[in-house]
Amino acid sequence: MTNYYALIRQEIKEEFNYNCQLCFEEFLSLELQIHHILRRSDGGRNNKSNLICLCGPCHMHTHNYNITHNKKGHRIMYLRPFTKLRAI
């Protein structure tokens, strides 16, 4: 039995026509990854309004360099909320 999140992931890929939403290249379904716009660790959910598909390299760059806009200038990700430093 396929789980709900697997179905959502496939719907997202189909909705974006199997195109990475950062570089806009077309990929096979298995080559695309699902990216949470608002990170789950920051309260983001697994609903369609919080998910986009990215190719592997773009997904890695998005997280490593805190990329927030694609090459068309559209916002793809919220900046991670500021976390206070603990006093020592």
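Buried means under 20% relative accessible area, exposed means over 50%, and partly exposed covers what lies in between, with a 1.4 Å probe and protein chains only. The model on screen is a predicted one, in which local features need pLDDT of at least 70 and side-chain atom pairs count only at pLDDT 80 or more, while totals for chains, interfaces and linings use all residues. Residues are numbered from 1 along each chain as its sequence is written, and side-chain values use heavy atoms, with hydrogens and water left out.

**The whole chain**

Start with a cartoon of the protein chain, which has 2 helices and 2 strands, where helices (H or I, at least four residues) and strands (E, at least two) are DSSP runs numbered from the N terminus. Followed from the N terminus on, these elements run α-β-β-α. Of the 88 residues in the chain, buried ones make up 32%. If a surface is switched on, the chain exposes about 6,500 Å², of which carbon and sulfur atoms supply 54%; these areas come from the Shrake-Rupley method with a 1.4 Å probe.

**Helix α1**

Next select residues 4-15, which form helix α1, a run of 12 residues that reaches 16 Å from its first C-alpha to its last, close to the 16 Å expected at 1.5 Å a residue; the expected span is 1.5 Å times one less than the number of residues. Now colour Ile8, Ile12 and Lys13, which are the buried residues of α1. They cover an arc of only 135° around the axis, which puts them on the same side of α1, the arc being that of the directions from the helix axis to the C-beta atoms. Adding residues 32-36 and 51-55 to the view brings in β1 and β2, against which the buried residues of α1 pack.

At the N-terminal end of α1, show Asn3, which caps the helix with a side-chain oxygen that lies 3.2 Å from the backbone nitrogen of Tyr5. After α1 comes Asn17, whose phi is positive, near 55°.

**Gln10**

Within helix α1, select Gln10, which counts as partly exposed at 27% relative accessibility. Leaving aside neighbours within four places in sequence, Gln10 is in contact (heavy atoms within 4.5 Å) with Tyr18 and Ser29. The side chains of Gln10 and Tyr18 make a polar contact at 2.8 Å, a term that stands for a pair of N or O atoms within 3.5 Å, where within protein one must be able to donate a hydrogen and the other to accept it, and where residues adjacent in sequence count only if both atoms are side-chain atoms. A C-alpha to C-alpha distance drawn from Gln10 to Ile34 gives 9.2 Å, although the two are 24 residues apart in sequence.

**The salt bridges**

Where should one look for charged pairs? Show the side chains of Glu11 and Lys48, which meet in a salt bridge (3.2 Å, N to O), defined as a side-chain nitrogen of Lys or Arg within 4 Å of a carboxyl oxygen of Asp or Glu. Glu11 lies in helix α1 and Lys48 in the loop between β1 and β2, so the pair ties together parts that are 37 residues apart in sequence. Both residues are partly exposed, Glu11 at 35% relative accessibility and Lys48 at 37%.

Then add Glu15, whose side chain meets that of Lys48 in a salt bridge at 3.7 Å, N to O. Glu15 is likewise partly exposed, with a relative accessible area of 47%. Keep the three residues selected together, as salt bridges that share partners join Glu11, Glu15 and Lys48 into one network. A search of the whole structure finds 2 salt bridges.
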